[in-house]
Amino acid sequence: MDQAFPSDFDPRVARRQFPGLAEPGLHYLDNAATAQVPEAVLDALRRFEVEARGNVHGTPHRRSLAAQAAYDAARAAVAAYLNVAPREVVFTYGATSAINLVADSLADRLGPADRVVVSWLEHHSNLLPWQKLARRRGVRLGALPVTAEGRLDLARLGEVVRPDTRLVAVTHCSNVTGAETDVAAVVEAARAVGALVLLDGAQRAPHGPLDLPGLGADLYAFSGHKTYGPTGIGVLWGRSEVLDWLPPFMVGGQMIRSVTMDEASFADPPRRFEAGTPPIAGAVGLGAAADWALGLDWPAIRAHERRLTARAIAGLRALPGVRLLGPLDLERRGPVVSFVAEGVDSLGLCRRLDRDGFALRSGHHCAQPLHAVLGASSSARASFALYNEESEVDGLLLAVERALVELRA
């Protein structure tokens, strides 16, 4: 075995912790869209709903206090996963919600003299909020191009990130090509012009704990449902001084300091950004997922995920008329493999694969501009998690080969 890919991680043991994978014949390879949930998270959700269900930030009765304690513990667990202070963790309803929060808050800070830079790699959730800001406030939008293999064209950073740039918002890992961003290069270019950096971490956060201060970014967004947690929960992390500077996005209950009939003053972060009743149960579930994940051997898991990715790339490249969208090497690459098959619609292919038990994603994966620049209207996507096995990749390759013969007949 190649020493770069140690084999001391057993996905079969991990798989037994996921009740949703017990269905006979299911090969779940759509983890970039939504991962399955381990028993530890399901247990935490049930305990909360049975033993501590109540509202937070309010009355002193025991259920409210229990809910508050569970919510605070969840924030602390997520903070530990990110290596940050709990007060820098804002609970949202997903990565989309987190990015929209930043964009709408910045509407009070930016105008026609300012520029926001995104890239051609972006999920629509890290593009449309900035388009909306541009229409609303006259902010100019710039886009960093991509290379032919689907990576950010870092050679163009100096050209695109100009002195009038106030924010660079890019993906940490592409949900189509799997390309991981060289964050240090982006941060260096942004700092040179005094701009903030926001990373869409929806595809990177599921693959092990992060050191956000070490990355150097100012803001980070990710989703719970891709990170072995519940749906309807997400996180916005921001450096304290950035959160202190941003005005609130939504206003209402629980996020105020004082209110009169004429004006209001707002609480300090993170409560400033958590108006109304927050997604308490979702936060508890995500906190449990973070606690569970912190106990895993992530170097071994990442090596396992690289083995799966390498096996899928090699096998798909060998099939006639199949083209991969994304880097063929594993350097700075996540376990996402998107491909197009000549003469075969990706939706029809994925429907055919589902008959054999293989769950893949089809379409443009909420990245329509990227597909256009890569010369594809849609693609099929296999995405791997720690519970996937090499035998599943081998089975997928055989299933794709059979499906292509059938669909091209």
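This report covers the annotated domain, one helix, the cysteines, the salt bridges and a surface patch.

The model is predicted: local features need pLDDT of at least 70, side-chain atom pairs count only at pLDDT 80 or more, and totals for chains, interfaces and linings use all residues. Residues are numbered from 1 along each chain as its sequence is written, and side-chain values use heavy atoms, with hydrogens and water left out.

## Domain and helix α14

The unreviewed UniProt entry carries the annotation "domain: Aminotransferase class V" for residues 27-396. UniProt positions are given in the numbering used here, feature names are shortened, and annotations may be inferred rather than shown by experiment. Over residues 27-396 the chain is 38% helix and 18% strand. The end C-alpha atoms of that stretch are 9 Å apart. Helices (H or I, at least four residues) and strands (E, at least two) are DSSP runs, numbered from the N terminus.

Helix α14 spans residues 390-408. Its expected span is 1.5 Å times one less than its number of residues. For 19 residues that gives 27 Å, and the end C-alpha atoms are 27 Å apart, which agrees. Buried residues (under 20% relative accessible area; exposed is over 50%, partly exposed in between; 1.4 Å probe, protein chains only) of α14 include V393, L396, L397, V400 and L404. E392 is also on the buried list. An α-helix has 3.6 residues a turn, so residues three or four places apart point the same way.

## Cysteines

The structure holds zero disulfides (a disulfide is a pair of cysteine sulfur atoms within 2.5 Å). Why is C173 unpaired? The closest cysteine sulfur, in C366, is 16 Å from the sulfur of C173, too far for a bond. C350 is in no disulfide either; the nearest cysteine sulfur, again that of C366, is 15 Å away. C173 is buried, with a relative accessible area of 3%. C350 is buried too, at 8%.

## Salt bridges

Side chains of opposite charge can pair when their charged atoms come close. A salt bridge here is a side-chain nitrogen of Lys or Arg within 4 Å of a carboxyl oxygen of Asp or Glu. The whole structure has 26. The table gives three of them.

| Pair | Closest N to O |
|---|---|
| R12 and D10 | 3.0 Å |
| D218 and R191 | 3.0 Å |
| R311 and E390 | 2.6 Å |

D218 and R191 link distant parts of the chain, 27 residues apart. D218 sits in the loop between α8 (212-215) and β7 (219-223). R191 belongs to helix α7 (residues 183-192). D218 is buried at 0% relative accessibility, whereas R191 is partly exposed at 37%.

R311 and E390 bring helix α14 back in. R311 lies in helix α11 (residues 298-317) and E390 in α14, so the pair ties together parts that are 79 residues apart in sequence. R311 is partly exposed at 34%, and E390 is partly exposed at 25%. A network of salt bridges with shared partners joins R352, R355, D356, R402 and E406.

In the R12 pair, D10 is partly exposed, with a relative accessible area of 28%.

## Surface patch

Which residues form a nonpolar patch on the surface? Y93, F249 and M250 do, with about 270 Å² of accessible area together. Patches are made of residues with over 30% relative accessible area and no salt bridge; like charges are joined within 9 Å, nonpolar side chains (Val, Leu, Ile, Met, Phe, Trp, Tyr) within 5 Å. Areas come from the Shrake-Rupley method with a 1.4 Å probe; for residues, only the protein chains shown count as cover. M250 is in the loop between α9 (240-245) and β9 (256-259). M250 is partly exposed, at 38% relative accessibility.
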